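Student: I am new to this structure and would like a close look at a single part of it. Please take the small open sheet and the loops around it, and go through them in one connected answer.

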Amino acid sequence: MKSTLTKLAGRAMGAATVLLLSNLTTIAQTVSEADRHAVVTKLTDRLVEVYPFPEISAKYKEALLKFEAAGRYNNLTENELASKLTEDLRKTHKDVHLRVSRSAPQGPRGSRPQGNSDAKSNYGFKKVEIDGATSTAYVDIPGPFLGSQEAFEMAAAAMGMSAYSKYIILDVRHNPGGTGQMGRFLASYFYNPGREQFYLNGFYKDRKRDEQEWTYAYTPANICLTLKYTS
């Protein structure tokens, strides 16, 4: 088995995701001792390198290495290993935006894996219900928030369907998080161009890269509910 740690987002908010890639056609096989150690080592080193708060990344590294030495990650499949690593990261420090996952094997450049799980889950958007009697739109977004063009197109479609409702409910109670751009995109629907609002602070390990993020000036079918219905 050959597993590779490929990405960790170095942001305090938004998605911080570790992807474990495998060249196997099955994900049921147990991760070897060498691969397991390589994954844990690369993960902890990468956290120290890019996580914006050094005191927290040091705790992450200490905890995961301790768990590995105790045998907690022995005899696990890739998905099980990713799940336990995520669980232990969040027990060490509750950053719900930080997770470890196994990605699907990559095909030729530009191709989509057959049976794409993102497509099956409607790119994080489950349903839109319109109640004409109360002029209420209910948008169920169990997530996760994805950053693909398809996900943003799905978001725009859902918000477009809701555009003429007086009230909109965005249900993210079961959403585990994901890319910060999606939350920012959805929030932008409620403000007119020229009335952008502060959204969040982005923190980086290199504090010179810290930035403020604001809602976007334009979105398709801008709703502007906050401005229309203030009474």
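Tutor: What follows starts with the chain as a whole, turns to the sheet and its loops, and ends with a pair of helices for comparison of setting.

The model is a predicted one. Its protein chain has 231 residues, and 39% of them are buried. The secondary structure consists of seven helices and eight strands. Of the contacts between residues at least 6 apart in sequence, 67% join residues at least 24 apart. The accessible surface of the chain is about 12,900 Å², and 53% of that surface belongs to carbon and sulfur atoms.

Now the sheet. Three strands make up this open sheet, in the order β4-β5-β6, and their pairing is mixed. β4 covers residues 127–131 and β6 covers 167–171; both stand at the edges with a single partner strand each, so one side of each has no neighbour in the sheet. On average, neighbouring strands here are turned by 15° against each other, direction ignored. In general, the strands of a sheet pair through backbone hydrogen bonds, in either a parallel or an antiparallel way. For β4 and β5, the latter being residues 136–140, the pairing is antiparallel and runs over five bridges. One residue pair can be picked out by name: E129 has Y138 of β5 as its bridge partner.

On the β6 side, D171 is a useful residue to find, as a member of that strand. D171 counts as buried because its relative accessibility is 6%, and the cut-off for buried is under 20%. Leaving out residues up to four places away in sequence, D171 touches Y138, V139, D140, I141 and P142.

Next come the loops. The loop between α4, residues 117–120, and β4 holds F125. With a relative accessibility of 4%, F125 counts as buried. Beyond its neighbours within four places in sequence, F125 is in contact with V139, D140 and I141, and also with A151, M154, A155, A158, M182 and L186. F125 and F145 are 20 residues apart in sequence, while their C-alpha atoms are 8.8 Å apart in space.

The loop between α4 and β4 also contains Y123. Y123 has a positive phi, near 55°, and is not a glycine. Its relative accessible area is 12%, so Y123 is buried. A second positive phi, near 55°, belongs to S135, again a residue other than glycine. S135 sits in the loop between β4 and β5. At a relative accessible area of 24%, S135 is partly exposed.

After β5 there is a further backbone feature. P144 lies in the loop between β5 and α5, the helix of residues 149–161. The peptide bond from G143 to P144 is cis, and its omega is near 5°. As a general background, most residues other than glycine have a negative phi, and most peptide bonds are trans.

Last, the helix pair. Helix α1 spans residues 33–50 and helix α2 spans residues 54–69; their axes come within 8 Å and cross at roughly 170°. That angle makes α1 roughly antiparallel to α2. The crossing in which α1 passes α2 is left-handed. On α1 the contact is made by R36, H37, V40, L43, T44, D45, L47 and V48, and on α2 by S57, Y60, K61, L64, L65 and E68.

Conventions:
Residues are numbered from 1 along each chain as its sequence is written. This is a predicted model: local features need pLDDT of at least 70, side-chain atom pairs count only at pLDDT 80 or more; totals for chains, interfaces and linings use all residues. Side-chain values use heavy atoms; hydrogens and water are left out. Two strands pair if DSSP finds at least two bridges between them. Helices (H or I, at least four residues) and strands (E, at least two) are DSSP runs, numbered from the N terminus. Axes are lines fitted to C-alpha atoms, for helices over the stretch in contact, and angles run from 0 to 180 degrees between N-to-C directions. Buried means under 20% relative accessible area, exposed over 50%, partly exposed in between (1.4 Å probe, protein chains only). Contact means heavy atoms within 4.5 Å. Accessible areas come from the Shrake-Rupley method with a 1.4 Å probe; for residues, only the protein chains shown count as cover. Angles under 35 degrees count as roughly parallel, over 145 as roughly antiparallel, 65 to 115 as roughly perpendicular and the rest as oblique. A crossing is left-handed if the near helix is turned anticlockwise from the far one by less than a right angle, and right-handed if clockwise.
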